[in-house]
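Hi,

Here is the structure I promised to pass on to you. Have a look at it first, and then read on for what turned up.

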Amino acid sequence: MKSGALSCPKCGGKLVVNSYYSRTVIESDGSNLKIPIMQTRCIEKACGRTHAMLPHFIMPYKRYAASVIESAILSFEENGGLKHSDCPAEDKTISGWKEQFKNRGATAVNQLQKILYDRYDRSISMIKLITLSLIERLKILTEPLGPALCESLIGSVNIILSRYSSGYI
Ligand SMILES: [Zn+2]
């Protein structure tokens, strides 16, 4: 088992990727978007339970698409507030995303750097990153980990971190 691989919370057996399933979230124009969530299965025959690997970053359980959250966070950062936001979510909701992004974004940056170093022997200079915004740092760190997995940056970060935590990267 690779380090970082998860074991079944029920019986301790090894988990393998079972499938991806889609969860529907709301896009900025009000349309629906399906996003992938990784589902794992316990290989112990007596158990065989499935466990969804929930992303660590911005939860897809929130009903808005990561791309909606992402553009709301970007416009919040550019405008220094909610003034010109055309996001369909309420202001309170957007402020919550912004907080969550600030808190979890730094952790995600650290995790991505660790993944690059552990799995690909690559390191990206902290000096280079330090002048950049959180979103720009995440963009630079996800690029070497393959083609975009999802149309949004936050969606891709979610998938990379889910895979890594379950040992599939
Ligand atoms: Zn099990």
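Among contacts in the protein between residues at least 6 apart in sequence, what percentage join residues at least 24 apart? The figure is 58%. Please keep in mind that this is a predicted model.

**Overall layout**

The protein has five helices and three strands, and along the sequence they follow the pattern β-β-β-α-α-α-α-α. Of its 169 residues, 28% count as buried.

**How the helices pack**

Let me start with α2 (residues 91-120) and α4 (residues 134-142), which pack at an angle of about 25° with their axes 10 Å apart. An angle under 35 degrees counts as roughly parallel, so α2 is roughly parallel to α4. The crossing of α2 past α4 is left-handed. On the α2 side, the contact is made by Phe101, Gly105, Ala108, Val109, Leu112, Gln113 and Leu116; α4 brings Leu134, Arg137, Leu138, Leu141 and Thr142. By class, the residues of this contact between α2 and α4 are eight nonpolar, three polar and one charged.

Next comes α2 with α5 (residues 153-165). Their axes are 11 Å apart and the packing angle is about 55°, which makes α2 oblique to α5. Here too α2 passes its partner α5 in a left-handed crossing. Ala108, Gln111, Leu112 and Ile115 of α2 meet Val157, Ile160, Leu161 and Tyr164 of α5. This contact of α2 with α5 divides into seven nonpolar residues, one polar and no charged. If you have the model open, Ala108 and Leu112 are worth finding: they are listed in the contact of α2 with α4 and again in the contact of α2 with α5.

The remaining pair is α4 and α5, whose axes come within 10 Å and cross at roughly 55°. That makes α4 oblique to α5, and the crossing is left-handed. From α4, the contact uses Ile135, Leu138, Lys139 and Thr142, and from α5 it uses Leu153, Ser156, Val157 and Ile160. The contact of α4 with α5 has five nonpolar, two polar and one charged residues.

**The nonpolar core**

Which residues touch the most other members of the largest nonpolar core? Those are Ala72 and Ile160, in a core of 21 residues. The elements giving two or more residues to this core are α1 (66-79), α2, α4 and α5, and the largest share, seven residues, comes from α2. You will have met Ile160 already, on the α5 side of the contacts with α2 and with α4.

Ala72 sits in helix α1. Is Ala72 buried or exposed? Ala72 has 24 C-beta neighbours inside 10 Å, so it counts as buried. Ala72 and Ile94 are 22 residues apart in sequence, and their C-alpha atoms are 6.7 Å apart in space.

**A residue in a loop**

For contrast, turn to Lys45, which lies in the loop between β2 (32-42) and β3 (50-53). Lys45 has 7 other C-beta atoms within 10 Å and is therefore exposed. From Lys45 to Gly13 the C-alpha to C-alpha distance is 9.5 Å, with their positions 32 residues apart in sequence counted as separation.

Happy browsing, and best wishes!

Technical notes:
Residues numbered from 1 in each chain as written. Predicted model: local features only at pLDDT ≥ 70, side-chain atom pairs only at ≥ 80, totals over all residues. Axes fitted to C-alpha atoms, helices over the stretch in contact; angles between N-to-C directions. Helix = DSSP H or I, 4+ residues; strand = E, 2+ residues; numbered from the N terminus. Parallel < 35°, antiparallel > 145°, perpendicular 65-115°, else oblique. Left-handed = near helix turned anticlockwise from the far one by under 90°. Contact = placed C-beta atoms within 7 Å. Nonpolar A, V, L, I, M, F, W, Y, C, P; charged D, E, K, R; others polar. Core = buried A, V, L, I, M, F, W, Y, C linked by C-beta atoms within 7 Å. Buried ≥ 20, exposed ≤ 12 C-beta atoms within 10 Å, placed from the backbone.
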